[in-house]
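Welcome, and please open your viewer. The tour below goes from one selection to the next, with a short note on what is there.

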Amino acid sequence: MESLVTLDLSHNNLSGSIPSSFEEMHGLSYIDISYNYLEGPLPNITIFREASPKRLKGNKGLCSKVGPMLPPCNAHGSKKDHKCKERRSIKILNKTTCMEKFPFRF
């Protein structure tokens with residue numbers, strides 16, 4: 001998925017934290033994760049650091065270790081303490097038919 005350029009996961013009822021595998025997606029130039037139930041820190045990559053607030057809004061559990069856009073993360077890397085729930089995966093198919101699993105809960 002290194003060649004993925006655009007990713008819109010908005011309005012999907014996704015929950016859980018953003019996978020660390022996003023840090024390997026250096027080709028992303030657009031991302032929208034708005035209106036889900038995501039929590040925890042944003043990956044420390046350019047696409048998230050420079051994301052427009054409207055592409056992140058609607059996720060009350062997100063926090064950031066960099067920048068003033070989101071509340072700062074606590075020592076455990078989350079906005080609040082929480083217990084992990086059972087994880088399920090969704091498959092995302094991009095235009096080049098490259099498939100990847102993301103461990104979001106829904």
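Is Cys73 buried or exposed? Select Cys73 and keep in mind that this is a predicted model. Cys73 counts as buried, because its relative accessibility is 17% and the cut-off for buried is under 20%.

**The disulfide**

Now add Cys63 to the selection. Cys63 and Cys73 form a disulfide, with 2.1 Å between their sulfur atoms. The structure holds one disulfide, so what does it tie together? Cys63 sits in strand β5, while Cys73 belongs to the loop between β5 and β6 (90-93), so the link joins parts that are ten residues apart in sequence. Turn the view until you look at the S-S bond: the angle about it is 100°, and the link of Cys63 and Cys73 is right-handed. Cys63 has a relative accessible area of 0%, so Cys63 is buried.

**The whole chain**

Zoom out and switch to a cartoon. You will find one helix and seven strands, and along the sequence they follow the pattern β-β-β-β-α-β-β-β. The protein has 106 residues, and buried residues make up 40% of them. If you show the surface, the protein exposes about 6,700 Å², with carbon and sulfur atoms supplying 51% of that area. Of the contacts between residues at least 6 apart in sequence, 34% join residues at least 24 apart.

**The open sheet**

Next, select β2, β4 and β5. These three strands form an open sheet in the order β2-β4-β5, and the pairing is parallel. Which strands are at the edges? They are β2 and β5 (61-63), each of which pairs on one side only. Focus on β2 and strand β4 (residues 37-41), which run parallel and are joined by two bridges. Here Ser15 stands opposite Tyr37 in β4.

**Asn36 and its surroundings**

Select Asn36 in the loop between β3 and β4. Asn36 counts as buried because its relative accessibility is 2%. What does its side chain reach at 3.0 Å? Show the polar contacts: the side chain of Asn36 reaches the backbone nitrogen of Asn13 at that distance of 3.0 Å. A polar atom of the Asn36 side chain also lies 3.2 Å from the backbone oxygen of Ser34. Leaving aside residues up to four places away in sequence, the residues that Asn36 touches include Leu9, His11, Asn12, Leu14, Gly58 and Asn59.

Ser10 is another of the residues that Asn36 touches, and it makes a good next selection. Ser10 lies in the loop between β1 (6-8) and β2 (15-16). With a relative accessible area of 16%, Ser10 is buried. Beyond residues up to four places away in sequence, Ser10 touches Asp32, Ile33 and Ser34 as well as Asn36.

**The aromatic pair**

For the last stop, select Phe22 and Phe48. A search of the whole structure finds one aromatic pair. Phe22 and Phe48 form this pair, with an edge-to-face arrangement: the centres are 5.9 Å apart and the planes are at 65°. Where in the chain do the two rings come from? Phe22 is in the loop between β2 and β3 (30-32) and Phe48 in helix α1 (residues 46-49), so the pair links distant parts of the chain, 26 residues apart. Both Phe22 and Phe48 are buried.

Notes: Residues numbered from 1 in each chain as written. Predicted model: local features only at pLDDT ≥ 70, side-chain atom pairs only at ≥ 80, totals over all residues. Heavy atoms only, no water. Helix = DSSP H or I, 4+ residues; strand = E, 2+ residues; numbered from the N terminus. Buried < 20%, exposed > 50% of the residue type's maximum accessible area, 1.4 Å probe, protein only. Contact = heavy atoms within 4.5 Å. Areas by Shrake-Rupley, 256 points an atom, 1.4 Å probe, with all protein chains shown as cover. Pairing = 2+ DSSP bridges. Disulfide = S-S within 2.5 Å. Phe/Tyr/Trp six-rings, centres within 6.5 Å; stacked < 30°, edge-to-face > 60°. Polar contact = N/O pair within 3.5 Å; in protein donor to acceptor, adjacent residues only side chain to side chain.
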